[in-house]
Amino acid sequence: MFETLILILDSTVRLSTPLLLACLAGLYSERSGVVDIGLEGKMLGAAFGAGAVAYVTANAWLGLLAGIGVSVALGLLHGFASISNRGNQIVSGVAINFLAAGLTALLGQTWFRQGGRTPALPEGGRFRDIAWPYAEQLREIPVIGPLYSELLSGHNILVYAGFLAVPLTWWVLFRTRFGLRLRAVGENPAAVDTAGISVAWLRYRAVIACGILCGFAGAYLSIAQGAGFGVNMTAGKGFIALAALIFAKWRPANAMFACLLFGFLDAVSIRMQGQEVPGIGEIPVQFFQALPYILTVILLAGFIGKAVPPKAAGIPYLKERS
Amino acid sequence: MSAGQLPRWVDYGLIPFVNLAAAFLVSGLVVVLIGENPLEAVRILLWGSLGYGEGIGFTLFYATNFIFTGLAVAVAFHAGLFNIGGEGQAYVGGLGVTFACLALDHIVPWYVTLPFAIVGSALMGAAWAFIPAWLQATRGSHVVITTIMFNFIASSLMVYLLNSALKKPGSMQPETRTFEAGGRLPFLNDVFPSFGFGYAPVNLSLFVALAACVLIWLLIWRTKLGFEIRSFGANATAAVYAGISPVRTIVITMLISGGLAGMMAINEIMGSQHRLLIDFVSGYGFVGIAVALMGRAHPVGIVLAAILFGMLYQGGAELSFEMPNITRDMIIVIQGLVILFAGALEHMFRPAITRLFTPSRALAAEEA
């Protein structure tokens with residue numbers, strides 16, 4: 001029983017990492033007042049960029065860099081449309097999702113001719129799991145042993161990066177001047193503008209930060225968790241991350257718990273496939289798959305607390321009214 | 001006409017045209033990037049979609065889907081709402097069509113089943129839009145987010161239903177049994193053999209779609225409800241001050257929107273597949289966003305945009321035969337670019353065009 005629990009928790013950590021990275025990415029963007037439903041597309045683009053470059057160079061780090069590059073470029077496109085041109089942020093996000101879905105499959109097929117997938121990564125092209133010191137020796141100790149050697153040890157570096165990004169994001173947003181201004185620009189951009197700070201430049205920096213984290217999330221999928229890019233490999237994770245962001249009420253620590261919860265549901269649903277629950281019978285997998293979305297809707301309905309988005313989210317800032 | 005305002009033909013003709021041209025120009029660059037000749041690609045695309053009867057038939061078949069989903073998004077636009085949930089609403093709308101067909105196909109001819117299928121699909125689609133609408137209206141949760149969530153919930157629900165209650169007994173395929181003649185709309189090729197639509201699945205639901213266009217035009221521009229919807233979309237505060245109920249407007253608009261999206265299933269399920277199957281919507285709900293943006297939320301524009309996207313879908317299929325490098329994913333790229341340039345970057349060219357038109361008129365004003 002305990003062993004099963006550890007195994008489920010272990011896969012929870014693996015499954016929630018991409019959600020967490022993307023969720024924190026969205027946090028930067030939305031806290032600055034730029035709504036981003038293009039998380040999915042940015043992740044997908046990053047996964048492709050990382051998979052392609054890691055395959056060609058056999059270097060996971062270059063792959064990660066390429067993933068970040070693609071994701072930041074898409075983020076800047078979102079910024080150009082929604083900050084500079086004051087376009088509709090939702091429409092822009094939808095466009096980015098389509099562009100990423102189409103371009104990755106199209107270019108993947110043109111470059112690698114494997115139906116849109118990138119070829120399996122060579123040695124060195126993938127982030128390997130890191131075994132912590134004495135993980136093997138401590139395995140036999142009851143309770144602590146499995147906790148240490150299964151749950152804490154034996155993940156790849158991006159998993160640790162994802163969880164370290166939580167306190168880092170908290171510190172940046174709530175303990176630095178940049179973070180204060182970023183949050184202010186998401187609540188009342190006019191006040192920030194009056195203080196002589198550029199609203200556009202702040203929001204652009206938020207969008208870039210969002211791109212970087214989405215780059216990590218995408219790279220995790222293709223060159224850490226998986227061994228290559230597959231067509232539409234994000235499969236809605238960007239939207240689950242968005243749901244988690246709302247569920248977390250736009251706060252970093254909550255974001256981690258929300259992503260862990262959604263990752264846990266995913267892990268359980270994989271585990272439960274075809275298994276009978278005593279007294280209830282077999283719970284359909286689809287129920288677990290839909291649960292994150294159902295929970296988010298219930299939260300949005302205001303039945304579990306209330307999720308209040310940043311006040312200026314989604315509204316383009318117009319410096320002067322003419 | 002005050003300064004900075006543009007003539008109507010510029011606003012409704014030139015600027016959308018420039019935006020579209022930009023989208024297609026970038027699409028051409030993508031084709032060049034893949035190493036194919038974009039002009040040749042356009043030629044194949046035009047020939048494949050309009051060059052022969054069967055191609056036109058397929059174009060119109062896809063266009064029928066896009067008219068429904070485009071209208072769905074457009075109606076919501078008029079009330080200032082963004083219904084991204086067309087995908088899920090159409091998927092669940094398939095249930096309504098399927099119930100009608102499964103219940104009636106043995107007993108009555110198709111023209112008796114059709115009204116039930118229309119009502120069924122519209123009801124199911126509307127039902128799927130109801131909760132997001134109600135939550136937006138009364139609890140202030142944003143309809144964009146909730147409809148996205150409902151797309152995923154719909155997908156899970158339908159996979160579950162098709163694997164359990166709706167599955168044909170004894171079959172491994174997650175789909176219902178095939179409908180009998182009473183659950184099949186006639187193909188246009190059988191009704192008008194002279195057009196030579198061949199094996200194209202274009203069917204009578206095209207006329208249902210066109211009728212929906214007329215009705216929606218009447219509704220939006222010729223009824224009190226339409227006036228309320230447009231007022232609410234233009235300025236919600238003013239509309240409420242004028243006594244228009246926000247809850248009623250939001251909910252009714254979204255119900256109409258969801259119903260229209262649901263009706264897309266008539267074309268796919270009753271018109272072509274003749275059974276309910278997994279993922280039959282395959283992105284048509286999302287194309288509705290591009291169609292509505294491109295058609296400027298007006299039924300005439302939507303029909304034109306739907307035909308254009310129908311051409312892209314059919315011509316794109318042809319294109320992937322002729323130029324294997326250009327897979328059908330190219331259509332998704334074009335779709336993304338259209339949404340980007342006609343939607344998000346809609347104002348990008350406006351300042352330049354305004355400058356182009358203002359000085360000449362200023363001069364004319366001086367001379368007068």
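Reader: What makes a helix crossing left-handed or right-handed?
Author: Picture one helix in front of another. If the near helix is turned anticlockwise from the far one by less than a right angle, the crossing is left-handed. If the near helix is turned clockwise, the crossing is right-handed.

Reader: Which hand has the crossing of helix 2 and helix 11 of chain A?
Author: Keep in mind that this is a predicted model. Helix 2 of chain A covers residues 39–57, and its axis comes within 7 Å of the axis of helix 11 of chain A. The crossing of these two helices is right-handed.

Reader: Is helix 2 of chain A parallel, perpendicular or oblique to helix 11 of chain A?
Author: The two axes cross at roughly 135°. Angles over 145 degrees count as roughly antiparallel, and 65 to 115 as roughly perpendicular. The angle here fits neither range, so helix 2 of chain A is, relative to helix 11 of chain A, oblique.

Reader: Which residues of helix 2 of chain A make this contact with helix 11 of chain A?
Author: On the side of helix 11 of chain A stand Lys237(A), Gly238(A), Phe239(A), Ala241(A) and Leu242(A). The contact residues divide into five nonpolar, one polar and two charged. Helix 2 of chain A brings Leu39(A), Glu40(A) and Met43(A).

Reader: How is helix 7 of chain A set against helix 8 of chain A?
Author: Helix 7 of chain A holds residues 157–175, and helix 8 of chain A holds residues 177–187. Their axes come within 5 Å and cross at roughly 75°. That makes helix 7 of chain A, relative to helix 8 of chain A, roughly perpendicular.

Reader: Which residues of helix 8 of chain A meet helix 7 of chain A?
Author: Helix 7 of chain A offers Val172(A), Leu173(A), Phe174(A) and Arg175(A). By class, the contact has five nonpolar, one polar and two charged residues. From helix 8 of chain A come Phe178(A), Gly179(A), Leu182(A) and Arg183(A).

Reader: Which helix of chain A gives the most to the side that touches chain B?
Author: The contact takes 35 residues from chain A and 35 residues from chain B. Helix 3, helix 4, helix 11 and helix 13 of chain A each give two or more residues to that side of chain A. With 14 residues, the one that gives the most is helix 4 of chain A.

Reader: How many charged residues has the side of chain A that touches chain B?
Author: Sort that side by class. There are 21 nonpolar residues and 13 polar ones. The charged count is one.

Reader: How does helix 4 of chain A run against helix 14 of chain B?
Author: The two helices pack at an angle of about 155°, with their axes 7 Å apart. Their crossing is left-handed. The angle makes helix 4 of chain A, relative to helix 14 of chain B, roughly antiparallel.

Reader: How many nonpolar residues are in the contact of helix 4 of chain A with helix 14 of chain B?
Author: Among the residues of helix 4 of chain A here are Val91(A), Phe98(A) and Leu106(A). Those they face in helix 14 of chain B include Met330(B), Ile332(B) and Leu340(B). The contact has five polar residues and one charged, and its nonpolar count is 16.

Reader: What radius of gyration has chain A?
Author: Chain A has 13 helices and four strands. With 322 residues, a compact globule would have a radius near 20 Å. Chain A agrees with that, at 20 Å.

Reader: What radius of gyration has chain B?
Author: Chain B has 15 helices and zero strands. With 368 residues, a compact globule would come near 21 Å. Chain B agrees, with 22 Å.

Note on methods
Residues numbered from 1 in each chain as written. Chains lettered and ligands numbered in written order. Predicted model: local features only at pLDDT ≥ 70, side-chain atom pairs only at ≥ 80, totals over all residues. Contact = placed C-beta atoms within 7 Å. Nonpolar A, V, L, I, M, F, W, Y, C, P; charged D, E, K, R; others polar. Axes fitted to C-alpha atoms, helices over the stretch in contact; angles between N-to-C directions. Parallel < 35°, antiparallel > 145°, perpendicular 65-115°, else oblique. Rg over C-alpha atoms; globule rule 2.2 N^0.38 Å.
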